[in-house]
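Visitor: Could you walk me through this structure, one question at a time? I'd like to see how each answer is reached.

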Amino acid sequence: MDMSANLAYESSATSAVRFDLHPGYRRVFRQHELTVGLILPLETHPDAPQPTMRDHIAMARQAEDLGVAALWARDIPFYDPAYGDVGQIFDPLIYLTHLAAATRNITLGTAGIVLPMREPLLLAKQLNSLDHLTDGRLVAGMSSGDRPSEYPVFGIDFDTRGDRFKEAFNIYRNVSERAFPRFTSRYFGESSGSLDMLPKPPYGRTPAIAVGRSQQTLAWIAGNMDGFLGFAPDPEGLDSFGSEWRDAVQHASGGDEFKPLGFGGFLYLHRTPTYPFKRIRGGFAIGSRALRDLLEQARDAGVNHVALNPKVTPRPYAEILDELGSIVLPSFSGNHQEETS
């Protein structure tokens, strides 16, 4: 099968893209700085698989006012008791549209869209539309998914998810950013160039970052995507986490191009502010002052954003936001860009 259109687009995607004017990107990603985001839902429920989804608008507005840089929605189509977690329940793009209407400036991101299970042409239409309707507040995090039980429901072989991710991403970029694109794909159809996808992204490109390795090499991610959000490393691994990404980006670009690096995971915010970092399933436990110190260390290592999910903390969400707002966020505020621009 002729894959020349895909391969040609993939090679062209390595060229540098500036996001100076994209509001969502600028709020979250700044070279030599670090911001903090929250992974939805904006509710703690450590002992239940699903949240109530009450008071989320109030929590979103409070997070925005405190300087949280981004709200990240996960893509979990089904409840699998083996995982015991359904994220924010609602479809991520529909729910982010709902949050967009209730907030002003906070970046809205996906962490991440399970790309192998999404039809890339319709996804392009959805993401481009949402980026327009939010005036450039969208950052599209994309992943390959990690729940094998979901793939048979969609009629997809779990072992093909890496190839499907790459093809879907190339088609998504192709139809989003090129007029009357041509492509041929093993999984997602073909186009002779007689049709065009509208709308195009409002700022030329909607930032698309990898959430996890997505069955790709770090070199491919650095060369083709606009950033990387990995799993939270241990404190002693932060320097290598940052240097590995910088080396990959430098090798892919042949220069000093900036592509942001972040990490995410569950946050158990301990009541003792100095409680040290302790690994838990899917993330870490830590006190607020120790978290501030950890984020300073991460920033110095080259990390630009940290996405935290406090759902596992057995405390009211408003109390967690207040503590983050008084101790952590003043040093890592997403409002800084609006104040200085």
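**Strand E7 and beyond**

Guide: Happy to! In this predicted model, Ala210 stands opposite Phe228 in strand E8.

Visitor: Which strands pair with E7, and in what sense?

Guide: On one side, three bridges join strand E4 (residues 138-143) to E7, and Gly141 stands opposite Ile209 there. Two bridges link E7 with E8 (residues 228-231). In both pairings, with E4 and with E8, the sense is parallel.

Visitor: Are the residues of E7 buried or exposed?

Guide: Ala208 and Ala210 point one way from the strand, while Ile209 and Val211 point the other way. Whichever way they point, these residues are buried.

Visitor: What handedness has the β-α-β unit of E7, H8 and E8?

Guide: The unit starts with E7, continues through helix H8 (residues 218-224) and ends with E8. Its hand is right-handed.

Visitor: Why does Glu167 count as buried?

Guide: Glu167 sits in helix H7 (residues 161-177). The cut-off for buried is under 20% relative accessible area. Glu167 counts as buried because its relative accessibility is 3%.

Visitor: Which side chains make polar contacts with that of Glu167?

Guide: One polar contact, of 2.5 Å, reaches the side chain of Ser185. Another, of 2.4 Å, reaches a second side chain. The partners are therefore Ser185 and Arg186, each contact falling within the 3.5 Å cut-off.

Visitor: How many residues has the largest nonpolar core?

Guide: Among the residues with the most contacts inside it are Met142, Phe284 and Leu291. Leu291 is in contact with residues including Leu267, Phe284 and Val328. The residue count of this core is 75.

Notes. Residues are numbered from 1 along each chain as its sequence is written. This is a predicted model: local features need pLDDT of at least 70, side-chain atom pairs count only at pLDDT 80 or more; totals for chains, interfaces and linings use all residues. Side-chain values use heavy atoms; hydrogens and water are left out. A nonpolar core is a set of buried Ala, Val, Leu, Ile, Met, Phe, Trp, Tyr and Cys residues joined through side-chain atoms within 4.5 Å. Buried means under 20% relative accessible area, exposed over 50%, partly exposed in between (1.4 Å probe, protein chains only). Contact means heavy atoms within 4.5 Å. Helices (H or I, at least four residues) and strands (E, at least two) are DSSP runs, numbered from the N terminus. A polar contact is a pair of N or O atoms within 3.5 Å; within protein, one must be able to donate a hydrogen and the other to accept it, and residues adjacent in sequence count only if both atoms are side-chain atoms. Two strands pair if DSSP finds at least two bridges between them. A crossover is right-handed if, with the strands pointing away from the viewer, the path from the first strand over the helix to the second runs clockwise. Lists of a residue's contacts leave out its neighbours within four places in sequence.
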